[in-house]
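I opened this one to see what I could read straight from the atoms. These are my notes, in the order I looked things up.

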Amino acid sequence: MDSGVASRISGHGMDCVKEDLEIEDVSPPNAEGKDLEDTKQTYGHEGEWMDEEEDGKDWKSDVNVEIMAEWFCTNCIDSNPDDESCCGQCGEHRNSGILEQGYLASRDLPEKANDMEQRKDMSDSEIKLHLTFPPLWTPQTDAASTAIGFDERMLLHSEVQTKSHPHPERPDRLRAIMGGLSAAVSSGLFSGLCCMIPSREATLAELEWVHSHSHVEAVEATSLHEASYFGRDTYANNYSALAARLAAGTCIDLMTAIVKGQILNGFALVRPPGHHALSATAMGFCLHNNAALAAKAALSAGAKKVMIIDWDVHHGNGTQEIFDSDSSVLYVSLHRHQAGFFYPGTGAASEVGIKDGEGFSVNIPWPCGGIGDEDYLFAFQNVIMPIVEQFAPDATIISAGFDAAKGDPLGGCQVTPSGYAHMTQLLYSLMKGKLLVVLEGGYNLRSISASAAAVLKVLLGVSPGEIPPSWQPTFAGLLAVSEACVIQSRYWKIDRMSLLNMQMLLSAAETKFKENKNDPRQPVSGPQAEDQPQG
Ligand code: Q9C
Ligand code: ZN
């Protein structure tokens with residue numbers, strides 16, 4: 001299928017007209033209602049809005065009817081009543097300085113309440129283009145350094161508001177991350193080890209390295225319209241095509257510089273994200289597949305083998321599809337899968353690649369939410385690192401969504417900044433650099449800002465130390481990792497002892513799980529497993 005023409009919404013609010021709705025994204029059926037919960041959290045008030053508008057005859061203009069004023073939390077986009085000043089979901093103060101200071105902002109006290117008051121009266125585009133970041137990093141020519149890719153024009157991609165609830169993939173994501181890094185720099189945390197590279201737009205020919213001509217044209221065409229949609233979730237405005245070209249170009253340039261040895265590693269702070277974008281379809285908030293383009297750039301700069309490791313909470317169906325039959329690009333993904341009931345529904349452990357690419361897709365599908373650091377690190381130690389060592393990539397790309405982070409409104413998982421730091425460290429020490437981190441999803445500003453800073457610190461050479469030996473997987477994590485191990489052992493050497501060990505752990509845990517009717521999220525052993533409170 002071909003993405004063809006995006007659906008457009010012209011005008012504002014009530015006038016919205018949808019036409020040419022050709023793109024349906026994959027919405028898997030709903031098993032445990034969690035995805036529904038996500039949808040409700042994300043687009044929660046659409047239904048209520050319809051009721052209010054269409055039910056006009058029941059409208060009474062007396063005391064019973066009160067318009068409930070609400071505000072949406074900048075940090076987690078949950079809605080809150082107007083008389084509350086802190087978010088009931090995440091605790092963030094309504095006017096905290098999170099956009100300027102990221103995770104370093106005080107959660108409770110408005111840092112610069114007056115400035116924030118003034119900003120309310122500024123037009124959106126004024127804020128967008130004139131928000132200035134504190135002086136960042138001094139450019140360095142030293143090859144042993146890290147480069148950051150960022151461009152303010154990527155903030156111009158935003159949803160033209162026709163829904164009552166803000167879209168999770170919003171410009172503030174990059175503001176919060178950059179704000180946190182800038183504040184960290186000013187306070188001396190990252191002294192001079194880092195430089196910023198100027199962004200450039202990918203050319204249309206480069207985009208066609210991984211996308212069909214008609215896909216590229218469909219995305220380009222959105223710039224002529226104030227608002228367009230690819231499916232229900234994936235918006236575009238006049239600037240989205242520009243932002244998407246910049247995101248792609250930034251990733252291409254960083255990867256090229258890494259492979260050529262001009263920089264040691266890089267962090268692409270880009271949006272829109274990319275890993276759901278198929279060769280011919282935009283979906284899941286993604287227009288162009290930035291990580292896939294970076295992989296192609298690595299290959300054309302001379303790398304023979306490239307690995308993409310995708311720790312976004314969603315499966316990177318786009319990236320997997322693009323390299324499905326390609327043995328020069330190894331795709332590894334850890335994601336919440338829920339037997340196909342979590343978006344986008346793909347990424348079962350049995351998906352291993354096709355034709356020449358068989359054995360070059362590695363999927364670690366979590367059966368439920370609530371997965372945290374210990375399961376991610378268990379997967380790294382038992383499947384991912386052994387495979388990486390054997391594949392021996394010349395360059396590695398991390399599709400780094402931070403939506404498996406604790407506090408994320410979509411992911412429902414538990415990964416902490418320290419977990420992200422450890423994962424980065426494992427790859428970094430094996431690769432000795434040659435690592436490009438590409439931002440994908442992640443929707444809690446405080447979580448993504450803290451996580452991005454933790455990853456950057458590792459890129460700059462600060463080690464998070466040893467993985468605590470007491471860390472153990474949960475039953476759910478062990479289940480997914482051992483399934484992946486068994487399947488991947490057809491293609492890769494997986495240590496027999498660790499396979500056996502996992503099987504033993506698994507059967508012990510299984511027995512206990514059945515006997516105690518316990519939660520799959522309990523650790524596989526240790527005293528705390530017995531007395532987990534239920535419900
Ligand atoms: N059942 C990224 O994190 N959710 N994309 C739709 C509809 C879409 C996430 C739920 C989530 C897309 C880059
Ligand atoms: Zn995601």
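**Entry 1: strand β13.** I started with β13, which covers residues 435–439. Five of its five residues are buried, so the strand is largely enclosed by the rest of the structure. I should jot down that this is a predicted model.

Next I checked the two faces of β13. L435, V437 and L439 sit on one side, L436 and V438 sit on the other, and all are buried, so both faces are covered.

Which strands pair with β13? I found β8 (residues 265–268), which pairs with β13 in the parallel sense over four bridges. β12 also pairs with β13 in the parallel sense, over five bridges. For single residues, I noted that N265 has L435 as its bridge partner in β13, while the partner of I398 there is V437. A reminder to myself: strands of a sheet pair through backbone hydrogen bonds, either parallel or antiparallel.

**Entry 2: just before β13.** I stepped back into the loop between α13 and β13, where I found G433 and K434. Buried or exposed, I wondered about G433? G433 has 0% relative accessibility and counts as buried. K434 has 29%, which makes it partly exposed.

I also measured off a long-range pair in the model: G433 and G261 are 172 residues apart in sequence, yet their C-alpha atoms are 9.7 Å apart in space.

K434 has another feature I wrote down: its phi is positive, about 50°, although it is not a glycine. Most residues other than glycine have a negative phi.

**Entry 3: the zinc ion.** Then I looked up ligand 2, the zinc ion. Which residues coordinate the zinc ion? I listed D312 (OD, entered twice), H314 (ND1) and D403 (OD), at 2.0 to 2.7 Å. Along the sequence, these donor residues follow the spacing D-x1-H-x88-D.

I traced where the two aspartates come from. D312 is in the loop between β9 (306–310) and α11 (317–322), and D403 is in the loop between β12 (395–400) and α13 (417–431), so the pair ties together parts that are 91 residues apart in sequence. D312 counts as buried at 1% relative accessibility, and D403 is buried too, at 0%.

**Entry 4: ligand 1.** How many residues surround ligand 1? I got 14, and the closest are D233, G284, H314, D403 and Y443. H314 and D403 were already in my notes as zinc donors.

I looked at how polar side-chain atoms sit relative to oxygen atoms of ligand 1. For Y443 the distance is 2.6 Å, for D403 it is 3.0 Å, and for H314 it is 3.2 Å. Ligand 1 on its own exposes 410 Å², and the protein buries 91% of that. I sorted the shell residues by type and got four nonpolar, six polar and four charged.

**Entry 5: a three-stranded sheet.** I went looking for β1 and found it in an open sheet of three strands, ordered β1-β6-β7, with antiparallel pairing. The edge strands are β1 (7–8) and β7 (234–236), and each pairs on one side only. Two bridges join β1 to β6 (residues 228–230). One residue pair I noted is R8 with S228 in β6.

**Entry 6: loops with odd geometry.** In the loop between β8 and α10 (290–300) I looked at H276. H276 is buried, with a relative accessible area of 3%. A polar atom of the H276 side chain is 3.3 Å from the backbone oxygen of H315.

P272 is in the loop between β8 and α10 as well. The peptide bond from R271 to P272 is cis, with omega near 0°. I found another cis bond from Y343 to P344, with omega near -5°. P344 is in the loop between β10 (329–336) and β11 (361–366). Most peptide bonds are trans.

The loop between β10 and β11 also holds A339. Its phi is near 55°, a positive value in a residue other than glycine. A339 is exposed, at 63% relative accessible area.

**Entry 7: after α16.** Last, I looked up V524, in the segment after α16 (496–516). V524 counts as buried at 7% relative accessibility. V524 and G477 are 47 residues apart in sequence and 9.1 Å apart in space, C-alpha to C-alpha.

Notes:
Residues are numbered from 1 along each chain as its sequence is written. Chains are lettered from A and ligands numbered from 1 in the order in which they are written. This is a predicted model: local features need pLDDT of at least 70, side-chain atom pairs count only at pLDDT 80 or more; totals for chains, interfaces and linings use all residues. Side-chain values use heavy atoms; hydrogens and water are left out. Donors are N, O and S atoms within 2.8 Å of the metal (3.2 Å for Na, K and Ca); water is not among the atoms, so sites may look incomplete. Buried means under 20% relative accessible area, exposed over 50%, partly exposed in between (1.4 Å probe, protein chains only). A residue is near a molecule or strand if one of its heavy atoms lies within 4 Å of it. A polar contact is a pair of N or O atoms within 3.5 Å; within protein, one must be able to donate a hydrogen and the other to accept it, and residues adjacent in sequence count only if both atoms are side-chain atoms. Accessible areas come from the Shrake-Rupley method with a 1.4 Å probe; for residues, only the protein chains shown count as cover. Ala, Val, Leu, Ile, Met, Phe, Trp, Tyr, Cys and Pro count as nonpolar, Asp, Glu, Lys and Arg as charged, and the others, Gly among them, as polar. Two strands pair if DSSP finds at least two bridges between them.
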